[in-house]
Amino acid sequence: MGRLRHYVCGSTSHELGAVFRGMAAGRREFPAGVFLYDADDGRRVLFDTGYATAPWHTGWRGRVYRRLLPPNVAAVEDVAARLTADGVDPASVTHVVLSHLHPDHVGGVRRFPEATFVLSEGHERTLRAPRVRTGVLPGLLPEWFARAERVVLHDDAFQSTTVDGVELRAHDLLGDGSYLIVDLPGHADGHVGALVESRVLLAGDAAWGHDLIDASSRMRWLPLAIQHDAGRYMATSTVLTHLAGAGIRVVCSHDPLASTELLG
Ligand SMILES: [Zn+2]
């Protein structure tokens with residue numbers, strides 16, 4: 001059995017009543033989660049990279065983003081600092097999977113120049129034509145990113161598979177079924193999650209929180225309008241509900257978690 005660990009790399013806070021109808025007013029903190037999987041054979045797969053601790057050279061788009069979702073990140077929360085503090089050499093990470101390209105997921109990309117990046121076709125599309133509406137700030141990515149080792153998962157890389165009676169489209173990243181990249185469309189173009197050892201689903205931003213999956217149907221028009229595809233976002237939240245019902249632990253990127261170890 002492998003090992004799956006969770007780290008918090010910065011956070012933001014948001015008024016839940018502004019996002020969902022019928023939700024009691026109150027600010028909630030949303031930690032930016034990063035997940036490290038140690039496979040039995042020594043390969044190490046990181047899922048997302050959290051916020052950047054370095055200054056954002058992202059112009060007015062960055063200023064707009066930071067006003068809407070102000071990031072809160074201390075130097076110790078940098079992904080490389082988090083791994084090092086836990087005895088993990090960042091250079092030992094072999095793969096970096098990006099759920100999508102929003103700032104709270106790509107801020108630490110610059111810490112992994114040696115890794116193979118796992119991207120979907122939708123991510124590539126977004127990088128070719130970044131727009132304000134996509135919420136992607138290319139200035140957060142290091143200059144070498146375009147030349148980095150990468151695996152791009154095109155449509156045909158995903159196979160239909162049934163997990164506990166739930167239909168999914170998945171790509172077997174390590175070739176042994178331990179780490180499936182799962183198509184979870186809607187939030188951003190090409191948004192993906194990861195099903196680890198058939199037990200834990202890293203759901204990225206497919207929902208605001210594991211306790212907020214059902215609330216997706218009550219999302220107000222503005223937060224819904226900034227989803228890449230609102231219809232598919234809603235369909236994905238139904239998939240998450242079914243997987244959770246089948247006993248799979250659904251972990252969203254911004255869930256506060258009580259323990260670091262997710263498989264132990
Ligand atoms: Zn996002």
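Student: How do you know that strand β8 (residues 166–172) and β9 pair?

Tutor: Let's count bridges in this predicted model. Calling two strands paired takes at least two bridges between them. Strand β8 and β9 have three bridges, running in the antiparallel sense, so by the cut-off of at least two they count as a pair. In one of these bridges, A170 has V182 of β9 as its partner. Between the two strands of this hairpin lie six residues, and G175 there takes a positive phi near 80 degrees.

Student: What makes β9 and strand β10 (residues 192–196) a pair?

Tutor: The reasoning is just like before. Five bridges join β9 to β10, and the two run antiparallel; the cut-off is at least two, so the pair qualifies. Look for D183, which stands opposite V192 in β10.

Student: Why is strand β9 (residues 179–183) called mostly covered?

Tutor: To be buried, a residue needs 20 or more other C-beta atoms within 10 Å of its own. In β9, five of its five residues are buried, hence the description. Y179, I181 and D183 point one way, L180 and V182 point the other way, and all are buried. A general rule fits here: in a regular strand, side chains alternate between the two faces of the sheet.

Student: How do you know which residues V182 is in contact with?

Tutor: Contact calls for C-beta atoms within 7 Å. Leaving aside neighbours within four places in sequence, V182 is in contact with L168, A170, V192, G193, A194 and L195. V182 also belongs to the largest nonpolar core, which has 63 residues, and is listed there with V97, I181, A194 and A203 as having the most contacts inside. Strand β2 (residues 27–38) gives this core its largest share, five residues.

Student: What makes β1 and β6 edge strands?

Tutor: Find the open sheet of six strands, in the order β1-β2-β3-β4-β5-β6 and with mixed pairing. Strands β1 (3–15) and β6 (150–153) each pair on one side only, and that makes them the edges. On average, neighbouring strands of this sheet are turned by 20 degrees against each other, direction ignored. At one end, β1 and β2 pair in the antiparallel sense over 11 bridges, with Y7 partnered by V34 in β2.

Student: Why does the radius of gyration of the protein chain agree or disagree with a compact globule?

Tutor: Set the two values side by side: a compact globule of 264 residues would have a radius of gyration near 18 Å, and the protein chain has 17 Å, so the two agree. Its C-alpha atoms fill a box of roughly 45 × 45 × 35 Å along the principal axes.

Methods: Residues numbered from 1 in each chain as written. Predicted model: local features only at pLDDT ≥ 70, side-chain atom pairs only at ≥ 80, totals over all residues. Core = buried A, V, L, I, M, F, W, Y, C linked by C-beta atoms within 7 Å. Buried ≥ 20, exposed ≤ 12 C-beta atoms within 10 Å, placed from the backbone. Helix = DSSP H or I, 4+ residues; strand = E, 2+ residues; numbered from the N terminus. Contact = placed C-beta atoms within 7 Å. Rg over C-alpha atoms; globule rule 2.2 N^0.38 Å. Axes fitted to C-alpha atoms, helices over the stretch in contact; angles between N-to-C directions.
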